[in-house]
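This report walks through one predicted model. It starts at a contact between two chains and then moves to other parts.

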Amino acid sequence: MRRHDVLTRTGVPAPADLKGIMPSADLMARRRVAIVECFQEIPCDPCADACPFGAIRPFQDINDIPEVLPDECVGCALCVAKCPGLAIFLVDLSYAVGTALVAIPYEFLPVPDPGETVAALDREGAWVADVRIAMVQDAQSQDRTRVLWLEVPKDLAMTVRNVRAGA
Amino acid sequence: MSAPGARADGGALRTAQVVIVGAGPAGLSAALSAASLGAQVVLIDRESRPGGQLIKQTHMFFGSRAQYAGTRGIDIARILYDQVLGAAGVEFLLDATVLGRYSDSVVTVEQADRCLKLKPERLIIATGASEKVLPFPNNDLPGIYGAGAVQTLMNVHGVRPGRRVLMVGAGNIGLIVSYQLLQAGVDVVGIVEAAPTIGGYLVHAAKIRRSGVPILTSHTIKEAYGKAALEGAVVWRLDERWQPIPGTERDISADVVCVAVGLSPLAELLFQAGCEMRYVAELGGHVPVRDDDLQTTVPGIYVAGDCSGIEEASSAMVEGTLAGASAAASLALGGRQTAAVQERARRELYELRCGPAGQKTRDGLCRLAG
Amino acid sequence: MRITDHPILTFGHGRKVRFTFDGRELEGMEGEVIAAALHAAGVRVLSHSHSLHRPRGFYCAIGNCSSCLMLVDGEPNVRVCVEKLSAGMRVETQSGKGRLRMQADRETGKPS
């Protein structure tokens, strides 16, 4: 673990931290990818188990930092709901011209409805845009961790990580 | 409450094979482990609802599948409880407080108006931990609560602790309880952490940061104020030597200060029973000296969970499994299966502790053994 | 102060019951701990420290710290953070250390 850098001081990753876990720009432009914003070796491995497509490399050691195999990822978001740290997001830059699809885990009330517009927040909780909810996944198997699919401006796909719904 | 003039004698002395004190994750796991290997178990808890601190944990647990990773703490409590209910040979004593363990191995228990006496062949102490207190002026004001208290109020009783919370401590508990406060619709104005870095898992910190909760590292609470109850607090910054910097005071209006500065093992029963105890800061306070089987220096008394050293629920479950199997082994129960259970538990503990997050525990255990 | 909707939890409460706090009639849920019922009713001060009479509330909420001791149905030193509420309970702030009923009876010469 790095000492005293911005991530361990503030809980917000620096651009360099994010760069280290993102697949190539080329790949991100082509397909939906899971981005695992997990930067710390902690004893935790349910993400690898959660993926039925083998898109998260099986752990050698319980403290391994998860590695996504982007060619196997179909973008189902099962891992998004299963990560105990709520640290996995799906980003689809190929969704539409100028618009990306971002899936985030969500455990607050009210749960917004598809079609609703909500305030989108960055990793510091600051408002960055108002976005439309494309879809809400709330299956029994997700055990109350809902997954919200947001239509966000493409340049905000790696910024939007939360929403504020309701009044 | 005892009725006046209640009978002190609850009846004759009862023998038992394995008595377990505490039905949190460690105690429940010990009961399952011992019973599945053929022991007759009496599992005692002072609460009316077993599960220890698990019953307040609304978040998904970490660890591995064997420790129910991905399952919410509240559900793990129910799963373990259902398993224990389904296991042959486990008797539950709830709303029952163990008062002491005496040199003739007798354990006294207060339940309702009665004082029961048990004489177990083996005793497993899994009494967990309690909140540490942080000294600062007016820290006794109503509205200043331990983190566990806030969790209990919110997640067990369904009552919000207040409207605006200042959290002290950015370890896992401080970060998790802050998130739970947000889920309960309570405003968390910020977290102050005396250390220069966040002590808890960074993913827990990320969750609350993206909800706009600031984390002020190298900050601590200078004082709280309020007349009949808390009205606010003053925080200030610490320098590299952890000394407060005058002039950096910031006033924070809050009706709750949540103190999450760590836990200490609930060690009274271990002390009273005569187990050799050592103070190990890395393990949270006074912990019992014990061997690889988790047996203390008093033959027949085992220990598991946070009262053996502050750690995680995942390790509490595994320690419970180990202690239960060790107790069974010492009673010559379960044959080869018992040794296999012990081996697997030791391996799981090693895996849980071998990474950077386990450094503190490893250091503490080294110091204890040294 | 009571939580009605929660993203993860559903709260199952007992029936509403009435109880008194220092003579005031309050409502709570049967079976919940007295401290929770008081807290939901806005009561924060549960006692006062013995020498300096500083206001005290609960701290640990699980029966470890002795910050919440009150008189319940005349019984002193009741940890209201673990004691369950029942209909008609008489909850009072305790002044000082409280006297056990046996002590009081002995002093008045009442047979125990």
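## Where chain A meets chain C

Chain A puts 5 residues into its contact with chain C, and chain C puts in 4. Together the two chains bury about 400 Å². Carbon and sulfur atoms carry 64% of that area. On the side of chain A, the residues that lose the most area to chain C are A:E107, A:L109 and A:R144. Those three account for 86% of what that side buries.

What is the count of salt bridges between chain A and chain C? It is 0. Polar contacts do occur: 2 residue pairs across this interface qualify, both partners at pLDDT 80 or more. By class, the side of chain A that touches chain C holds 2 nonpolar and 3 charged residues, with no polar ones.

## Where chain B meets chain A

Next comes the interface of chain B and chain A. Here 36 residues of chain B are in contact with 42 residues of chain A. The buried area is about 3,300 Å² between the two chains. Of this, 53% lies on carbon and sulfur atoms.

The count of salt bridges between chain B and chain A is 5. One salt bridge joins the side chains of A:D143 and B:R72, with N to O at 3.7 Å. Polar contacts across this interface involve 20 residue pairs, again with both partners at pLDDT 80 or more. Several elements of chain B give two or more residues to the side that touches chain A: α2 (73-86), α4 (172-183), α5 (202-209), β11 (215-217) and α8 (335-353). Which of them gives the most? It is α5(B), with 6 residues. By class, this side of chain B has 19 nonpolar, 10 polar and 7 charged residues.

## Helix α4 of chain B

Helix α4(B) is among the elements that give two or more residues to the side facing chain A. It has 12 residues. From its first C-alpha to its last it reaches 17 Å, close to the 16 Å expected at 1.5 Å a residue. After the helix comes B:G185, which has a positive phi near 80°.

Is α4(B) mostly covered or mostly open? It is mostly covered, with 11 of its 12 residues buried. The buried set includes B:L175, B:I176, B:V177, B:L181 and B:L182. B:N172, B:S178, B:Y179, B:Q180 and B:Q183 are also among the buried residues, as is B:G174. Their packing partners in chain B are α3 (147-156), β9 (164-168), β10 (187-193), α5, β11 and β15 (256-259). Two of these partners, α5 and β11, also appear among the elements that contribute to the side touching chain A.

## Two residues up close

B:S33 sits in helix α1 of chain B, residues 25-36. Is B:S33 buried or exposed? Its relative accessibility is 5%, so B:S33 counts as buried. Its side chain reaches the backbone oxygen of B:T321 at 2.7 Å. Leaving out residues up to four places away in sequence, B:S33 touches B:G320, B:T321, B:G324, B:A325 and B:V341. B:T321 is thus named twice: as a residue that B:S33 touches, and as the owner of the backbone oxygen that its side chain reaches.

A:D64 belongs to a loop of chain A, between α4 (46-50) and α5 (78-82). A:D64 has a relative accessible area of 26%, so it counts as partly exposed. The side chain of A:D64 reaches the backbone nitrogen of A:Q60 at 2.8 Å. A:V136 is 72 residues from A:D64 along the chain, and their C-alpha atoms are separated by 30 Å.

## Chain C as a whole

Chain C has 112 residues, and 42% of them count as buried. It contains 2 helices and 7 strands. In what order do the elements run from the N terminus? The order is β-β-α-β-β-β-β-β-α.

The C-alpha trace of chain C spans about 55 × 30 × 25 Å along its principal axes. Among contacts in chain C with a separation of 6 or more, 40% come from residues 24 or more positions apart.

Note on methods:
Residues numbered from 1 in each chain as written. Chains lettered and ligands numbered in written order. Predicted model: local features only at pLDDT ≥ 70, side-chain atom pairs only at ≥ 80, totals over all residues. Heavy atoms only, no water. Contact = heavy atoms within 4.5 Å. Buried area = accessible area lost by both parts, 1.4 Å probe. Salt bridge = Lys/Arg side-chain N within 4 Å of Asp/Glu carboxyl O. Polar contact = N/O pair within 3.5 Å; in protein donor to acceptor, adjacent residues only side chain to side chain. Helix = DSSP H or I, 4+ residues; strand = E, 2+ residues; numbered from the N terminus. Nonpolar A, V, L, I, M, F, W, Y, C, P; charged D, E, K, R; others polar. Buried < 20%, exposed > 50% of the residue type's maximum accessible area, 1.4 Å probe, protein only. Expected span 1.5 Å × (residues − 1).
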